[in-house]
Amino acid sequence: MNLVPKKRLDIFVEQHGLAAVEDMLGKSGFKGWSVFQGIEGAGAHGMWRQTGVGEQAALLIVAIGNEDSAQAALVWLEQYFKTYSGVATLADVSVMRPERF
């Protein structure tokens with residue numbers, strides 16, 4: 001099996017930030033990403049749950065790409081998180097079909 005090393009960037013943001021983050025990912029060189037809606041969890045401010053009433057969804061955006069794309073995204077996110085809430089993680093992954101990333 002031929003696996004190729006890549007970087008996986010997980011970005012957790014509020015709904016209102018989605019368009020800006022997606023625009024940044026495209027400009028940073030990511031070919032694609034997936035968006036998942038958060039339901040509940042816990043963080044620095046305690047437990048949170050989406051009730052669906054008067055709330056904007058919390059989202060997890062998963063993008064896999066090369067080192068340069070990931071570093072460009074992290075530079076942008078560092079500035080973004082000075083104004084808006086959210087977190088990001090970066091991990092090494094191995095992928096099949098590397099041409100898709």
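What percentage of the 101 residues of the protein count as buried? In this predicted model, the share is 29%. The secondary structure comes to two helices and six strands. Read from the N terminus, the elements follow the order β-α-β-β-β-β-α-β. Along the principal axes, the C-alpha atoms fill a box of roughly 45 × 30 × 20 Å. Contacts between residues at least 6 apart in sequence were also examined; 75% of them join residues at least 24 apart.

The first helix, H1, spans residues 18-28. Its buried residues are Leu 18, Val 21, Met 24, Leu 25 and Ser 28. These residues lie on the same side of H1, because they cover an arc of only 130° around the axis. In general, an α-helix has 3.6 residues a turn, so residues three or four places apart point the same way. Ala 19 and Lys 27 sit on the other side of H1 and are exposed. The cover over the buried residues of H1 includes three strands, S1 (4-14), S2 (33-37) and S5 (58-65), together with helix H2. Gly 29 follows H1 and has a positive phi, near 110°.

The two helices pack against each other. Two packed helices are described by the angle between their axes and the distance between the axes. For H1 and H2, the angle is about 145° and the axes are 9 Å apart. The crossing of H1 past H2 is right-handed. On the H1 side, the contact is made by Ala 20, Val 21, Met 24, Leu 25 and Ser 28. On the H2 side, Ser 69, Ala 72, Ala 73, Trp 76 and Leu 77 take part. Eight of the contact residues are nonpolar, two are polar and none is charged. Val 21, Met 24, Leu 25 and Ser 28 thus appear both among the buried residues of H1 and in its contact with H2.

Aromatic residues form a further feature. The structure holds three aromatic pairs. One of them joins Trp 76 and Tyr 80, with ring centres 5.1 Å apart and 15° between the planes. This pair counts as stacked, because its planes are under 30 degrees apart. Trp 76 and Tyr 80 are four residues apart in helix H2 (residues 67-80), so about one helical turn separates them. The two differ in exposure. Trp 76 is partly exposed, at 29% relative accessibility, whereas Tyr 80 is buried, at 9%. Both belong to one aromatic cluster, which also takes in Phe 81 and Tyr 84. Trp 76 also belongs to the contact between H1 and H2.

Phe 81 is in turn a contact of Val 87, a residue of strand S6. Beyond its neighbours within four places in sequence, Val 87 also contacts Asp 10, Ile 11 and Phe 12. The C-alpha atoms of Val 87 and His 45 are 13 Å apart, with these positions 42 residues apart along the chain.

Ile 11 and Phe 12 recur among the contacts of Leu 59, which is placed in strand S5. Leu 59 is buried, with a relative accessible area of 5%. Besides Ile 11 and Phe 12, Leu 59 touches Val 13, Gln 15, Leu 18, Val 35, Phe 36, Gln 37 and Gly 38, not counting residues up to four places away in sequence. Leu 18 is one of the buried residues of H1. The C-alpha atoms of Leu 59 and Phe 12 are separated by 5.6 Å, although the two residues are 47 apart along the chain.

The segment after strand S6 (86-95) contains Pro 98. Arg 97 lies in this segment too. Most residues other than glycine have a negative phi. Arg 97 is not a glycine, yet its phi is positive, about 55°. Arg 97 counts as partly exposed, at 48% relative accessibility. Pro 98 is also partly exposed, with a relative accessible area of 26%. Residues up to four places away in sequence aside, Pro 98 touches Val 4 and Lys 6. The C-alpha atoms of Pro 98 and Leu 3 are separated by 7.8 Å, while the two residues are 95 apart along the chain.

Definitions and conventions. Residues numbered from 1 in each chain as written. Predicted model: local features only at pLDDT ≥ 70, side-chain atom pairs only at ≥ 80, totals over all residues. Heavy atoms only, no water. Phe/Tyr/Trp six-rings, centres within 6.5 Å; stacked < 30°, edge-to-face > 60°. Buried < 20%, exposed > 50% of the residue type's maximum accessible area, 1.4 Å probe, protein only. Contact = heavy atoms within 4.5 Å. Axes fitted to C-alpha atoms, helices over the stretch in contact; angles between N-to-C directions. Left-handed = near helix turned anticlockwise from the far one by under 90°. Nonpolar A, V, L, I, M, F, W, Y, C, P; charged D, E, K, R; others polar. Arc of directions from axis to C-beta.
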